[in-house]
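Trainee: Got a minute? I'd like to go through the hollow spaces in this model with you.
Mentor: Sure, put it up and ask away.

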Amino acid sequence: MSNANTLIFATNNQNKVNEIRLVLGNMFNIITLKEAGIDIDIPEPHNTLEANATEKATTIFKLTGSNCFSEDTGLEVEALNGEPGVKSARYAGEGRNFNDNIDKLLNNLQAIENRKARFRTVISLIAEGKEFMFEGICNGNIINQEKGSNGFGYDPVFVPDGSEKTFAEMSMEEKSVFSHRKKAMLKLIDFLQVQKTNH
Ligand code: IMP
């Protein structure tokens, strides 16, 4: 694979970039959309994480012709039949923020005992024009009030299995021990390492 050490990461979310750079260390060089001079908000019009991840990666591949990857993540709550899922970013409606989404989630879970939830990340990699997918899951529970101020999104109400802290009470390094995104990235790294040794 040519240029296997350099990949464009199809996101405008700086938190995701920081988390992924932490996992990669100096093994691979990640270029953000901004650094690649691409100023677009890529649509996420589909009803699965997989389809949205594909859309984002193929959009950037068509624009650049370079190896690239995207990721789409959703919070899947068991008692809400997997909601907010693919709609995690817009759960409380277009133009609403992380706090509105958390408020809606906690409201919908009021008086519900089953608090089981999971973050699921799907990565779509386009390498040499071909697509490969990787998944990472982190199981946990939704607590009934926000705790902590680190991270982003639903981090203040999500406690991963094996911890007593929410993601928002953890440093980025602590979160990465449990992180769905890290698990998916490790699969991507394994794949790229194998490609490298085969060339
Ligand atoms: P996206 O569509 O993959 O950017 O993510 C959808 C939404 O899921 C984000 O806007 C966040 O609200 C939420 N989300 C994704 N990853 C995380 C995470 O690691 N922690 C908390 N919330 C997250």
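Trainee: Let me start with the second largest pocket: how much space lies in it?
Mentor: About 180 Å³. Keep in mind that this is a predicted model, so every value here is computed from it.

Trainee: Which residues lie nearest the centre of that second largest pocket?
Mentor: T11, N12, Q14, T32 and K34, out of 13 lining residues.

Trainee: And which helix gives the largest share of its lining?
Mentor: Helix α1, residues 14–24, with 3 residues. By class, the lining of the second largest pocket has 4 nonpolar, 5 polar and 4 charged residues.

Trainee: OK, switching to the largest pocket. What volume does it have?
Mentor: About 700 Å³. There are 31 residues lining the largest pocket, and N13, K16, E44, K56 and A89 lie nearest its centre.

Trainee: Which elements give two or more residues to that lining?
Mentor: β3, α3 (98–108) and α5 do. The largest share, 4 residues, comes from β3.

Trainee: How does the lining of the largest pocket split by class?
Mentor: Into 11 nonpolar, 10 polar and 10 charged residues.

Trainee: There's a ligand too. Where does the ligand sit?
Mentor: In the largest pocket. The elements giving two or more residues to the shell around the ligand are β3 (68–77) and α5 (180–197).

Trainee: Which of them gives the most to the shell?
Mentor: β3, with 3 residues. So β3 turns up twice, as it also has the largest share of the pocket lining.

Trainee: How many residues surround the ligand, and which are the closest?
Mentor: 16 residues surround it, and the closest are K16, T73, D155, K175 and R181. You've met K16 already, among the residues nearest the centre of the largest pocket.

Trainee: What classes do those shell residues fall into?
Mentor: 5 are nonpolar, 4 polar and 7 charged.

Trainee: Let's get down to atoms. What lies 2.8 Å from an oxygen atom of the ligand?
Mentor: A polar side-chain atom of K175. D72 also reaches the ligand through its side chain, with a polar atom 2.9 Å from a ligand oxygen.

Trainee: And T73, which part of that residue is 2.9 Å from a ligand oxygen?
Mentor: A polar backbone atom. That sets T73 apart from D72, where a polar side-chain atom lies 2.9 Å from the ligand oxygen.

Trainee: How much of the ligand's accessible area does the protein cover?
Mentor: 94% of the 480 Å² that the ligand has on its own.

Trainee: Last topic, cavities. How many cavities of 30 Å³ or more does the structure hold?
Mentor: It holds 1. About 40 Å³ of space lies in the largest cavity.

Trainee: Which residues line it?
Mentor: E19, V23, M172, K175, S176, S179 and K182. Notice K175 in that list, since you just saw its side chain beside a ligand oxygen, at 2.8 Å.

Trainee: Oh, nice. Which elements give two or more residues to that cavity lining?
Mentor: α1 and α4 (172–178). The largest share, 3 residues, comes from α4. Helix α1 is familiar as well, from the lining of the second largest pocket.

Trainee: And the classes in the lining of the largest cavity, what are they?
Mentor: 2 nonpolar, 2 polar and 3 charged residues.

Methods
Residues numbered from 1 in each chain as written. Predicted model: local features only at pLDDT ≥ 70, side-chain atom pairs only at ≥ 80, totals over all residues. Heavy atoms only, no water. Near = heavy atom within 4 Å. Polar contact = N/O pair within 3.5 Å; in protein donor to acceptor, adjacent residues only side chain to side chain. Areas by Shrake-Rupley, 256 points an atom, 1.4 Å probe, with all protein chains shown as cover. 1 Å grid on protein atoms, 1.4 Å probe; cavity = no way out; pocket = protein on both sides within 12 Å on 5 of 7 lines; lining within 4 Å. Sits in = over half its atoms within 2 Å of the grid points. Nonpolar A, V, L, I, M, F, W, Y, C, P; charged D, E, K, R; others polar. Points joined across faces, edges and corners; volume = space filled by probe spheres on them.
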